[in-house]
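Work through the exercises below with the sequence and the model side by side, trying each task before reading its solution.

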Amino acid sequence: MPESILAVRGVSKTVQDASGELRILRDIDFSLNAGETAAIVGASGSGKSTLLAILAGLDTPSTGQVVLAGQSLFDLSEDERAAVRAQHVGFVFQFYNLMPVLEAFENVELPLLYRGESASDRRALAAKAAEIDVEECAAPKGSKGLSLRRVKPDRPPSCRKVRMRSRRPVRIL
């Protein structure tokens, strides 16, 4: 039987607004096995970004449970959730959302730094994810080295298990 990498049980999200209670998500249930692909689709304002934030442990549900890589996310501290996120979650956005002060390769490498990878591992994994030659990345800032357009953000190096796609940033961290 395939290993479940993500299990969502009874997840709801309700917030208070000027007119009272606003239900954003209602009793979401699903699971994904390792290697499976799924899409979250819906109209603007239907709760897609809220659901992605909850799946990654960036936001908390009003009710329900999310188990990611065997860890019940909301039984963990914020630091523990961040560690699970660093090991198992990568967001791929419709727009690149690259940091303009960094070279393209550094943008690809950044999540690996947060995950605690060694410099040599970061360099090799980022080069593989960006489908570029490591030697090509040695150009100094401001040179004609790797341009932002050549980065392929479709395969984040920080994401070995769960990849989440979003049309816009889920959170500004």
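**Exercise 1. Find which element of the chain has the lowest mean pLDDT and which the highest.**

Solution. Begin with the score itself: pLDDT is the predictor's confidence in each residue, from 0 to 100. Elements here are DSSP runs numbered from the N terminus, helices being H or I over at least four residues and strands being E over at least two. Among the elements of the chain, the lowest mean pLDDT, 42, belongs to strand β6 (residues 162-166), whereas strand β3 (residues 63-68) has the highest, 96. Over residues 133-173 the pLDDT is below 50, although this stretch has 99 contacts in the model beyond near neighbours in sequence, a contact being heavy atoms within 4.5 Å. For the chain as a whole, the average pLDDT is 75, and 69% of the residues score at least 70.

This is a predicted model, in which local features need pLDDT of at least 70 and side-chain atom pairs count only at pLDDT 80 or more, while totals for chains, interfaces and linings use all residues. Residues are numbered from 1 along each chain as its sequence is written, and side-chain values use heavy atoms, with hydrogens and water left out.

**Exercise 2. Work out in what order the four strands of the open sheet stand, and which of them are at the edges.**

Solution. Two strands pair if DSSP finds at least two bridges between them. Start with β1 (residues 4-17) and β2 (residues 20-33), which pair in the antiparallel sense over 10 bridges and form a hairpin with two residues between them. Within this pairing, Ala-7 stands opposite Ser-31 in β2. Next, β1 and β3 pair in the antiparallel sense over five bridges, and here Leu-6 stands opposite Leu-68 in β3. The full order is β2-β1-β3-β4, with antiparallel pairing. Because β2 and β4 (71-72) each have a single partner strand, they stand at the edges, and one side of each is left without a neighbour in the sheet.

As a last step, place the helix: α1 lies across β1, β2 and β3, and runs at about 55° to β2, the angle being taken from 0 to 180 degrees between N-to-C directions of axes fitted to C-alpha atoms, for helices over the stretch in contact.

**Exercise 3. Decide whether Ser-72 is buried or exposed, and list what Ser-72 touches.**

Solution. Buried means under 20% relative accessible area, exposed over 50%, and partly exposed in between (1.4 Å probe, protein chains only). Ser-72 lies in strand β4, and with a relative accessible area of 16% Ser-72 is therefore buried. Leaving aside residues up to four places away in sequence, Ser-72 touches Gln-65, Val-66 and Val-67. The side chains of Ser-72 and Gln-65 are also joined by a polar contact of 3.0 Å, that is, a pair of N or O atoms within 3.5 Å of which, within protein, one must be able to donate a hydrogen and the other to accept it, residues adjacent in sequence counting only if both atoms are side-chain atoms.

**Exercise 4. Establish how many salt bridges the structure holds, and where their partners sit.**

Solution. A salt bridge is a side-chain nitrogen of Lys or Arg within 4 Å of a carboxyl oxygen of Asp or Glu, and the structure holds four.

- Lys-13 bridges to Asp-59, with the closest N and O atoms 3.2 Å apart. The pair links distant parts of the chain, for Lys-13 is in β1 and Asp-59 in the loop between α1 (48-55) and β3, 46 residues apart. Both residues are buried.
- Arg-122 bridges to Glu-109, with the closest N and O atoms 3.6 Å apart. This pair also links distant parts of the chain, since Arg-122 is in helix α4 (residues 119-130) and Glu-109 in helix α3, 13 residues apart. Arg-122 counts as buried because its relative accessibility is 15%, and Glu-109 because its value is 16%.
- Glu-78, Arg-81 and Arg-85 are joined into one network by salt bridges that share partners. Between Glu-78 and Arg-85 the closest N and O atoms are 3.2 Å apart. At 41% relative accessibility Glu-78 is partly exposed, whereas Arg-85, at 14%, is buried.
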